Amino acid sequence: MPEEIEIDTDKLRETIDEELEHEGGKLLRTVALTTAVFAAMAAIASLEAGGTVNEALALKTEATRLQAEASDQWAYYQAKGLKATIIEAEKNSWLALDKKPPPDLAPKAERYADDQKTSKDAAEKLEHERDEHGKEADELMHHHHFYAQSVALLQVSIALGAVAALTRKRLVWIGSALLGLGGCGVFAWAFFGG
């Protein structure tokens, strides 16, 4: 009977385990590094998202205040218009009776017309400021949405990184990296002018 070749299986098993650990360790380090970078980017994107939405809300609040002031000016404009109409009706009543209107009616009518012009100009200026604040707030909200999308992509990327680390599957890590890069791209687009 031929002699069996004896192979040290313990040594072979140890060599295979070391190779797997070495290969898996490299993947784990790569996953950990990319996940840390994506977590940092997610934190920055989250701060930007919060900052832009807060600034947009402050601008919308200011726009609402300006609208209230403009409404006050328009109410003043209408009140002065009504007073001018009453003065005109009083003047016409005197003229219909073939009498001379009191001399104080003309300066009152002129003053009411001047007050109307002043309040109209003030209301229009306030409405212009309101529109500018509203437009700026809308632009900030547009950026906020992209920052929020960036945060979502980065968070999913981080979760996939954890799955890649647990399963030691390179394909899952590649998916994580692609999503993370997409999140970084959306962040950059919003940050640099999107």
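## A helical protein and its salt bridges, core and patches

The side chains of D121 and K117 come together in a salt bridge, with 2.9 Å from N to O. That pair is a handy place to start your tour of this predicted model. The protein has three helices and zero strands, and from the N terminus on its elements follow the order α-α-α. Of its 194 residues, 26% count as buried. Below you will find the salt bridges, then the nonpolar core, then two patches on the surface.

**Salt bridges**

- Eight salt bridges are found in the structure.
- Let us go back to the opening pair: D121 and K117 both belong to helix α2, where they sit four residues apart, about one turn of the helix.
- The two partners fall into separate classes of exposure: D121 is partly exposed because its relative accessibility is 36%, while K117 is exposed because its value is 53%.
- R65 and E62 also meet through their side chains in a salt bridge, at 2.4 Å from N to O.
- Because R65 and E62 are three residues apart in helix α1, about one helical turn separates them.
- Both of these partners are reachable from outside to some degree: R65 is partly exposed, with a relative accessible area of 36%, and E62 is partly exposed too, with 27%.
- The R65 and E62 pair belongs to a wider arrangement, as a network of salt bridges links E62, R65 and E69.
- Another salt bridge joins the side chains of D104 and K108, with an N to O distance of 3.6 Å.
- Here, D104 has a relative accessible area of 39% and is partly exposed; K108, at 30%, is partly exposed as well.

**The nonpolar core**

- The largest nonpolar core is built from eleven residues: F38, M41, A42, A45, A49, Y147, V151, L154, C184, F187 and A190.
- Helices α1 (9–96), α2 and α3 (170–191) are the elements that each contribute two or more residues to this core.
- Helix α1 supplies the largest share of the core, with five residues.
- As general background, nonpolar side chains in soluble globular proteins tend to be buried together.

**A negative patch on the surface**

- E55, E132, E136 and E139 form a negative surface patch.
- Which helix gives the most to the negative patch? Helix α2, spanning residues 105–167, does so with three residues.
- One member to look for is E139, which is placed in helix α2.
- E139 is partly exposed because its relative accessible area is 43%, and a patch residue needs over 30%, so E139 clears that cut-off.

**A nonpolar patch on the surface**

- L171, I174, L178 and L181 make a nonpolar surface patch of about 430 Å².
- Among them, L178 lies in helix α3.
- Is L178 buried or exposed? L178 counts as exposed because its relative accessibility is 57%, and exposed means over 50%.

**To keep in mind as you look around**

- Helix α2 appears in several of these topics: it holds D121 and K117, it is among the elements giving two or more residues to the largest core, and it gives the most to the negative patch.
- Helix α1 holds R65 and E62 and provides the largest share of the core.
- Helix α3 is another of the elements giving two or more residues to that core, and L178 of the nonpolar patch lies in it.

Notes: Residues numbered from 1 in each chain as written. Predicted model: local features only at pLDDT ≥ 70, side-chain atom pairs only at ≥ 80, totals over all residues. Heavy atoms only, no water. Patch = residues over 30% accessible without salt bridge, like charges linked within 9 Å, V, L, I, M, F, W, Y side chains within 5 Å. Areas by Shrake-Rupley, 256 points an atom, 1.4 Å probe, with all protein chains shown as cover. Salt bridge = Lys/Arg side-chain N within 4 Å of Asp/Glu carboxyl O. Lys, Arg positive; Asp, Glu negative; His and termini not counted. Charge placed at Lys NZ, Arg CZ, Asp CG, Glu CD. Buried < 20%, exposed > 50% of the residue type's maximum accessible area, 1.4 Å probe, protein only. Core = buried A, V, L, I, M, F, W, Y, C linked by side-chain atoms within 4.5 Å.
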